[in-house]
Amino acid sequence: MRLATIVTSRGLRLHVRVAGGYLDVADATGNPALAALGPVLTAGTAALAEIAAVTGRAGADLAATEYTPADFGPAVPDPPRILCLGVNYSEHAIEGGRAVPTWPEAFVRGTGSVLGPFEDLVKPALTTRFDYEGELGVVIGAGGRYIPASDAMAAVAGFVVLNDASAREWQRAATQWTAGKNFEGSMPIGPELVTADELDISDLALTTTLNGEVMQSARTSQMIVDVPSAIEFFSSFTRLRPGDVIATGTPGGVGFARKPPVWLQPGDLIEVAVEGVGTIRNRVVAEERDLTGWRWRPADQTPSGF
């Protein structure tokens, strides 16, 4: 199934894609508890089976609705956590002047950084080095603690596309990456949550384009830490919960490593596509804020290394 969160007059509502458009899940099932993704993931397989049962009625006694890109909210609108893998493709490590890591490089994003899949991506006023990072996202379903890689996919609800957009000078101003990775509304996610039974994500094409030019092109099989191993790693030290998102890292070709560097600018169109999952598309706009004299502004950082 393909689940989307749609902006409606009643607020954000969970929908399922069917022939001809989307069904409002709560209305179609008659179960108001299924109006949002979070409760569905918490309820688990029973809720997903309830949704699957109504998809066959689309076009018969249930009418589907078509929506425009502007109607889509984040596919996971309120994740408990976004657990991120950095430097998870060898080419990305090498382009940044780093050794290929032997231990996962992990950091955390907050819910406030989530953005809709087709919304404007706001370039923060406090950065001149705003960069793109196309990635596959893994959405946790059952979750758990100490999940071995051999059982990891049973903990997964589905997959999304995301852009781990980064303020590079903030990322590199200290040894920790939190500031540069958590500007408000800097991680578009969507367009749909594709449930785990829909596709094998072990070897999918991942492509990032900027104004129509391919900037990143790789396959998920090139990850250093694959999805099952990532779940095993994160569940080693924290209990994975329904709705947690794992950002699996970006391949080579990011803006900071190019010569000269390529930074996202207002007016740019940045697109990230993952084969079989979907495409997110965001227009970059400037944050309109006068920060004259603002204290917290990191010193200029060289474009190589992170």
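This report describes the salt bridges, nonpolar cores and aromatic contacts of a predicted model.

## Salt bridges between distant segments

The model contains 17 salt bridges. One of them joins E192 to R17, with the closest N and O atoms 2.9 Å apart. This pair connects distant parts of the chain, since E192 belongs to strand β12 (residues 187–195) and R17 to strand β2 (residues 11–18), 175 residues apart. The two partners differ in their surroundings: E192 is buried, with a relative accessibility of 3%, whereas R17 is partly exposed, with a relative accessible area of 42%.

A second salt bridge is formed by the side chains of R109 and D164, at an N to O distance of 2.7 Å. R109 is in strand β5 (residues 105–109) and D164 is in the loop between β10 (156–163) and β11 (166–167), so this contact ties together parts of the chain that are 55 residues apart in sequence. Both ends of the bridge are buried: the relative accessible area is 2% for R109 and 1% for D164. R109 and D164 also belong to a network of salt bridges that includes D131, E133, R168 and K181.

## A salt bridge with exposed and partly exposed partners

E287 and R289 form a further salt bridge, in which the closest N and O atoms are 3.4 Å apart. Neither of these residues is buried: E287 is partly exposed, at 29% relative accessible area, and R289 is exposed, at 56%.

## Nonpolar cores

The largest nonpolar core comprises 34 residues, and V16, I51 and I189 have the most contacts inside it. Two or more residues of this core come from each of β2, α1 (25–29), α2 (37–43), α3, β4, β10, β12 and β15. When neighbours within four places in sequence are left aside, I51 is in contact with M1, L3, V16, V25, T29, L34 and V40.

Another core, of 31 residues, lies apart from the largest one. Its members include A152, F159, V161 and I231.

## Packing of helix α6

Residue I231 also appears among the buried residues of helix α6 (residues 227–237), together with V227, A230, F233, F234 and S235. The buried residues of α6 pack against β4 (82–86), β5, β9 (134–140), β10 and β15 (245–247).

## Aromatic and charge–ring contacts

The model has 9 aromatic pairs. In one of them, the ring centres of F72 and F118 are 5.8 Å apart and the ring planes stand at 90°, so the pair is edge-to-face. F72 lies in the loop between α3 (45–55) and β4, and F118 in the loop between β6 (114–115) and β7 (121–123); the pair therefore ties together parts of the chain that are 46 residues apart in sequence. F72 is buried, with a relative accessible area of 8%, while F118 is partly exposed, at 22%. Through ring pairs, F72 and F118 are linked with Y22 and Y67 into a cluster.

A contact between a charge and a ring involves R172 and F256: the charged end of R172 sits over the ring of F256, at 5.4 Å from the ring centre.

Key
Residues are numbered from 1 along each chain as its sequence is written. This is a predicted model: local features need pLDDT of at least 70, side-chain atom pairs count only at pLDDT 80 or more; totals for chains, interfaces and linings use all residues. Side-chain values use heavy atoms; hydrogens and water are left out. A salt bridge is a side-chain nitrogen of Lys or Arg within 4 Å of a carboxyl oxygen of Asp or Glu. Helices (H or I, at least four residues) and strands (E, at least two) are DSSP runs, numbered from the N terminus. Buried means under 20% relative accessible area, exposed over 50%, partly exposed in between (1.4 Å probe, protein chains only). Contact means heavy atoms within 4.5 Å. Rings of Phe, Tyr and Trp (its six-membered ring) pair if their centres lie within 6.5 Å; planes under 30 degrees apart count as stacked, over 60 as edge-to-face and the rest as tilted. A charge sits over a ring if NZ of Lys or CZ of Arg is within 6 Å of the ring centre and within 35 degrees of the ring normal. A nonpolar core is a set of buried Ala, Val, Leu, Ile, Met, Phe, Trp, Tyr and Cys residues joined through side-chain atoms within 4.5 Å.
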